[in-house]
Amino acid sequence: MSNEKILVTQPLLPPLEEFIPYLEKIWESKWLTNNGQFHQQLEQALCEYLGVKHISLFSNGTLALITALQALRITGEVITTPFSFVATTHALWWNNIKPVFADIEPHTYNLDPEKVEAAITPNTTAIMPVHVYGNPCKLEAFQQIADTYNLKLIYDAAHAFGVEVNGQSVLNFGDLSVLSFHATKVFNTFEGGAIVCHDEKMKRHIDDLKNFGFRGETTVIAPGINAKMNELQAAFGLLQLTYIDEAREKRKQIAETYREELAGIKGIHCLNDLPDTKHAYSYFPILVEEQEYGMSRDELYAKLKENNIFSRRYFYPLISNFPTYRGLTSANKDNLPVANDIAEKVLCLPIYNKLQQSHIERIITLIKADISY
Ligand SMILES: Cc1ncc(COP(=O)(O)O)c(C=O)c1O
């Protein structure tokens, strides 16, 4: 068996020669950024593909999150999950907002609505759940809490490209949803991101904010930022959209193969697909139960690494255990037992459209090795 290096993911890269005509158009137009032709086309194409009304493209997902909080003028405290990538909470910190952590659900690893309700204080202004690994949050439960307590609801949907529940995009829920198009994501524009919103007025406001607050040539309506997506990114996104369905189908098949192959191994648990859901298969997380499996998560991670397979411990350490956040009362481990438990056991296996059957077999063989049953 080959010992070729396998990373947890590989970017979706269409054939290089297909990108050249886009570059020629950019050179011809001499228009490199600021709502250029490809930027406009990609916004429209993504609205259609994702089934959403309005989308505003960004240079990356983190700036989109920071801007989403500005657009809704969020202040005070925001309830969020510790089980995510640090950008979720950093976006709050950069807005001088206090993150309040609530625990996650044991079966989806998403923020638990019941824990959120208990964390609301007079200073709470919003809830920011994450569709972790693209698994949809409890959408109705969060909306109900937001309505009852008059809170804004912003979804970090960085992993949820194309995810639908009952035929409806998850991006149509909440006040705003934020996507990431980072190189490691299912759909990428090298770096990139977007905010999905539901009305024209909000779209215009977000568009102004991402361009220094400019509305027109001489008017600045707010202290905006520079977070615009450029034409290279947008063109790449347009090209990539023509390959996305095929890539998503490939990921689905890989997830199914992993599930079949791992099914009989004691102490290795996969996340199940959720009912009535079209998944993104952004990641393939497993839980390693040390007692049953006979090896800890970290030992399995190290063993795979020794064999040139680079799985990732997403999301470990928990955000609440990083120095910036661990002093917060809500970061206390007693407040977050499920998240702390999952963070010690989770391991994301490689998944990407070019992952071969032989690669999967290599990974499975290593996971199965030394097991006597
Ligand atoms: C959950 C989550 N939120 C936010 C981000 C930030 O996105 P970006 O890398 O595009 O800034 C990422 C990924 O990178 C993420 O995984």
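**Ligand contacts**

I started with Gly61: one of its backbone N or O atoms is 2.8 Å from a ligand oxygen atom. I'm counting a polar contact as a pair of N or O atoms within 3.5 Å; within protein, one must be able to donate a hydrogen and the other to accept it, and residues adjacent in sequence count only if both atoms are side-chain atoms. Note to self: this is a predicted model, where local features need pLDDT of at least 70, side-chain atom pairs count only at pLDDT 80 or more, and totals for chains, interfaces and linings use all residues. Residues are numbered from 1 along each chain as its sequence is written, and side-chain values use heavy atoms, with hydrogens and water left out.

Next I checked side chains. Thr62 puts a polar side-chain atom 2.6 Å from an oxygen atom of the ligand. For Ser180, a polar side-chain atom sits 2.7 Å from a ligand oxygen atom. I then looked up the cover: the protein hides 93% of the 380 Å² of accessible area that the ligand has on its own. That area is Shrake-Rupley with a 1.4 Å probe; for residues, only the protein chains shown count as cover.

**The shell**

How many residues surround the ligand? I got 16, and the closest are Thr62, Asp156, His159, Ser180 and Lys185. Near here means that a heavy atom of the residue lies within 4 Å of the molecule or strand.

Helices H3 (61-71) and H4 (87-94) each put at least two residues into the shell. H3 gives the most, with 3 residues. Elements are DSSP runs numbered from the N terminus, helices being H or I with at least four residues and strands E with at least two.

I sorted the shell by class and found 5 nonpolar, 9 polar and 2 charged residues. My classes: Ala, Val, Leu, Ile, Met, Phe, Trp, Tyr, Cys and Pro are nonpolar, Asp, Glu, Lys and Arg charged, and the others, Gly among them, polar.

**Pockets**

The ligand's space turns out to be the largest pocket. Sitting in a cavity or pocket takes more than half of the molecule's atoms within 2 Å of its grid points. The grid is 1 Å over the protein atoms alone; a cavity is a set of points where a 1.4 Å probe fits but cannot get out, a pocket is an open set with protein on both sides within 12 Å along at least five of seven lines, and lining residues have an atom within 4 Å of a point. Points are joined across faces, edges and corners, and a volume is the space filled by probe spheres set on the points.

I noted a volume of about 600 Å³ for the largest pocket. Its lining has 29 residues, with Phe85, Val86, Lys185, Tyr314 and Phe315 nearest the centre. H3, H4 and strand E9 (176-180) are the elements that give two or more residues to that lining. The class split is 15 nonpolar, 9 polar and 5 charged.

The second largest pocket has about 330 Å³. It is lined by 16 residues, and Pro136, Cys137, Lys138, Leu139 and Val165 lie nearest its centre. By class I have 7 nonpolar, 5 polar and 4 charged.

**Cavities**

I count 3 cavities of 30 Å³ or more. The largest holds about 140 Å³ of space. Of its 13 lining residues, Asn135, Arg259, Asp273, Tyr283 and Pro285 lie nearest the centre. Those 13 residues divide into 8 nonpolar, 3 polar and 2 charged.

The second largest cavity has about 60 Å³. Residues lining it include Val8, Thr9, Tyr283, Tyr314 and Ile351. Which class is missing from this lining? No charged residues turned up, just 6 nonpolar and 3 polar.

**Backbone oddities**

Tyr314 came up again: a cis peptide bond joins Tyr314 to Phe315, with omega about 5 degrees. Phe315 is in the loop between strand E16 (309-310) and helix H12 (337-345). I logged another cis bond between Tyr316 and Pro317, omega about -5 degrees; Pro317 is in the loop between E16 and H12.

Last entry: Tyr109 has a positive phi, near 70 degrees, in a residue other than glycine. I placed Tyr109 in the loop between strand E4 (98-101) and helix H5 (113-118).
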